[in-house]
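Notebook open, structure about to go up. I'll jot down what I look up as I go.

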Amino acid sequence: MSAETEKTAAAPAPAPAPAPLRCQRIGCDAMFTDDDNPDGSCHYHPNGPMFHDGMKEWSCCKQRSHDFSLFLAIPGCATGKHTSEKPVTKAVSLNTPKAALPKAAPIQSSNQGVESGACSRCRQGFFCSDHGSQPKPQKQVAVNGTNAEPIEKCSVPLPKKKVDLNEPRLCKNKGCGKTYKEKDNHDAACEHHPGPAVFHDRKRGWKCCDIHVKEFDEFMEIPPCAKGWHNADAV
């Protein structure tokens with residue numbers, strides 16, 4: 001065996017490429033490796049969300065939306081490096097319980113009211129020096145148009161939008177958010193939540209699968225409970 005053959009046999013095998021990791025920062029969710037992670041490649045939200053009266057808002061950049069899918073699609077307001085360590089952020093609920101209104105004290109009827117029932121002038125609504133003035137009963141007047149049937153509006157169908165089968169599109173189904181092509185779309189391609197997100201009493205979850213957690217990070221990790229077609233025009 002020649003010297004060149006011995007050198008070739010003794011050469012170590014190249015190290016396998018590192019597996020890509022998913023960034024754990026809120027608002028990023030990109031794949032990265034330690035060798036390809038420059039500063040500024042990660043766009044994320046450094047602070048947690050706030051929920052108040054159906055409104056969702058990022059506390060770091062004050063961007064808000066009523067729709068949960070559009071809220072999650074708001075781009076991050078800070079830049080840095082990707083990380084595989086999960087940041088600690090908590091969702092803040094601004095819904096405060098309403099204070100109980102004081103009950104109005106019941107109005108006690110006076111003796112004059114009892115005696116006025118037997119007075120002919122009071123029964124007819126005239127002024128009486130013995131019992132004072134009595135309010136005249138008011139007749140209920142029907143408001144014009146109250147009982148009128150609503151007029152149905154003619155709905156004109158909107159023209160269908162032409163879609164390129166090879167154009168990358170972003171699925172807006174709740175809990176999905178993946179990029180897809182229409183040519184690869186099918187009835188089980190999208191894993192999503194068909195029901196709305198529920199935020200109540202510092203708990204958050206999905207109405208469709210009836211799972212509720214306390215932390216926002218745990219809410220984001222609730223697995224989808226339904227499959228269907230990707231949809232880039234979901235509301």
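How much area does the protein expose, and what percentage of it do carbon and sulfur atoms supply? I get about 18,200 Å² exposed, with carbon and sulfur atoms supplying 53% of it; accessible areas are Shrake-Rupley with a 1.4 Å probe, and for residues only the protein chains shown count as cover.

Ground rules for myself. This is a predicted model, so local features need pLDDT of at least 70 and side-chain atom pairs count only at pLDDT 80 or more, while totals for chains, interfaces and linings use all residues. Residues are numbered from 1 along each chain as its sequence is written, and side-chain values use heavy atoms, with hydrogens and water left out.

**Overall.** I looked up the secondary structure and found 5 helices and 15 strands (DSSP runs numbered from the N terminus: helices H or I of at least four residues, strands E of at least two). Of the 235 residues, 25% are buried (under 20% relative accessible area; exposed is over 50%, partly exposed in between, 1.4 Å probe, protein chains only).

**Cores.** I then pulled up the largest nonpolar core, which has 12 residues, among them Ile26, Trp58, Phe71, Ile74 and Phe216 (a core being buried Ala, Val, Leu, Ile, Met, Phe, Trp, Tyr and Cys joined through side-chain atoms within 4.5 Å). Helices α2 (68–72) and α5 (216–220) each put at least two residues into this core. Apart from it there is another core, of 6 residues, including Cys23, Cys42, Tyr44 and Ala78.

**Trp58.** Skipping neighbours within four places in sequence, I list Trp58 in contact with Ile26, His45, Asn47, Gly48, Pro49, Gln63, Phe71, Ile74 and Phe216 (contact: heavy atoms within 4.5 Å).

**Glu57.** This one sits in strand β5 (residues 55–58). Is Glu57 buried or exposed? Glu57 counts as buried because its relative accessibility is 11%. Its side chain makes a polar contact of 2.8 Å with that of Arg64 (N or O atoms within 3.5 Å; within protein, one able to donate a hydrogen and the other to accept it, sequence-adjacent residues counting only if both atoms are side-chain atoms). Beyond four places in sequence, Glu57 also touches Pro49, Met50, Lys62, Gln63 and Phe71, among others.

**Lining.** Last, I checked which helices line the largest pocket: α2 and α5 each supply at least two residues, and α2 gives the largest share, 4 residues.
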